[in-house]
Amino acid sequence: MTTLHEYLESADCEPDLCTLIKLIAEQAQPIREAFITHQAYVESENVYGERQAAMDTWSDELITRVLGESGLVRELSSEEQDEIRTFPRAKADYAVVMDPMDGSSLIQTNLAVGTIVGIFGGGKVLQRGRGLKAALYMLYGPMTTLTLTLGKGVCIFAMDHGGVYRLLEQDVRIPDGNLYGTGGGRPDWTDPHTAFIAAIEANGAKLRYTGSYVADFHQILKYGGIYCYPALKGKPTGKLRLLYEAIPIGFIAEQAGGAITDGSVDLLDVEPTEPHQRTPIYVGSMNMIRRAKEIFERSRA
Ligand code: AHM
Ligand code: MG
């Protein structure tokens, strides 16, 4: 089976970008090993006032250190850090956005969690998602998988017992499908979101939601449907973040034939103004995205 290394060589990927992707992918092993010793929450909060799990800070520090030392990354912005990090001596000019441990509130339950990464060129993290050179996520489930796009389709690799990633699936396409997951409590949903969920349920949509965005999205990628974290009453931008959660996953979704929207605009076209901005997210199959857009458009008329 094709290894990640062989795939990158054959994909005509810039050599420094290949090195960077392999370096990030290698961190899955130490991250997996650390779960057992880092189960607890720590005393700190992140910039959003959320309690940090030990794995949030541990994985953030690990990846930040490795990328800083690589000399390949000029800027790094992480969900777990208040400020953008700069590495002025870097010899390459990649800029990385990441959620080092998405779904961390589930670690003690042993449900799947993951690491989400977007890689830009040009040395700046504040860029529109459509400018990404690569996006990937590692999912720590029964298998460790790496879902990757270099902007030319999506591949899924699985790590074998020797720590080598082997190609599981290529040219992944999101099928039209009828699964959905949505964040936010029902009393806090807005009228268009309530109308959308009612419409898809009336059409047979089935709820599947763990509370780990990266895992919930992976299910949508494989089986089709939609993941939503909507605007909520009193929280018009919802919970998830444009740079760390929307953009990399949206880029992968689009490369697999799906899309990402906040209900009106394609989130890959949004110019970020600050690293921690939040956005409502609807990501998944085209049939579901079309339906969401129709309902939101009607609500604005
Ligand atoms: P995290 O990045 O700190 O894990 O927070 C984001 C998580 C997503 O993984 C998940 O979809 C969402 O928060 C779940 O939120 P809720 O508990 O409100 O459903
Ligand atoms: Mg997250």
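How far apart are the mean positions of the 29 positive and 39 negative charges of the protein? They are 4 Å apart. Lys and Arg count as positive and Asp and Glu as negative, while His and the chain ends are not counted. Each charge is placed at NZ of Lys, CZ of Arg, CG of Asp or CD of Glu.

This is a predicted model, in which local features need pLDDT of at least 70 and side-chain atom pairs count only at pLDDT 80 or more, whereas totals for chains, interfaces and linings use all residues. Residues are numbered from 1 along each chain as its sequence is written, chains are lettered from A and ligands numbered from 1 in the order in which they are written, and side-chain values use heavy atoms, with hydrogens and water left out.

**View 1. The whole protein, with 8 helices and 15 strands.** Helices (H or I, at least four residues) and strands (E, at least two) are DSSP runs, numbered from the N terminus. The C-alpha atoms fill a box of roughly 50 × 45 × 35 Å along the principal axes. The radius of gyration of the protein is 18 Å, which agrees with a compact globule of 301 residues, expected near 19 Å. That radius is taken over C-alpha atoms, and the globule rule is 2.2 Å times the number of residues to the power 0.38. Of the 301 residues, 57% count as buried. Buried means under 20% relative accessible area, exposed over 50%, and partly exposed in between (1.4 Å probe, protein chains only). About 12,800 Å² is exposed, and carbon and sulfur atoms supply 49% of it. These areas come from the Shrake-Rupley method with a 1.4 Å probe; for residues, only the protein chains shown count as cover.

**View 2. The magnesium ion (ligand 2) and its donors.** Asp99 (OD), Asp102 (OD) and Glu245 (OE) coordinate the ion at 1.8 to 2.0 Å. Along the chain, the donors follow the spacing D-x2-D-x142-E. Donors are N, O and S atoms within 2.8 Å of the metal (3.2 Å for Na, K and Ca); water is not among the atoms, so sites may look incomplete. Asp99 is buried, at 0% relative accessible area. Asp102 is buried too, at 5%.

**View 3. Ser212 and its contacts.** Ser212 sits in the loop between β12 (206-207) and α6 (213-223). Its relative accessible area is 0%, so Ser212 counts as buried. Leaving out residues up to four places away in sequence, Ser212 touches Asp102, Gly103, Leu106, Ala112 and Val113. A contact means heavy atoms within 4.5 Å. Ser105 is 107 residues from Ser212 in sequence, but the two are 8.2 Å apart in space, C-alpha to C-alpha. Across the protein, 64% of contacts between residues at least 6 apart in sequence join residues at least 24 apart.

**View 4. Helix α6, mostly covered.** Of its 11 residues, 9 are buried. Among them are Tyr213, Phe217, His218 and Leu221. Just after α6, Gly224 takes a positive phi of about 90°.

**View 5. Asn110 and Asp171, two loop residues with positive phi.** Most residues other than glycine have a negative phi. Asn110 has a phi near 65°. Asn110 lies in the loop between β5 (94-102) and β6 (113-120). At 71% relative accessibility, Asn110 is exposed. Asp171 has a phi of about 50°. Its loop runs between β10 (165-169) and β11 (179-182). Asp171 is exposed, at 57% relative accessible area.
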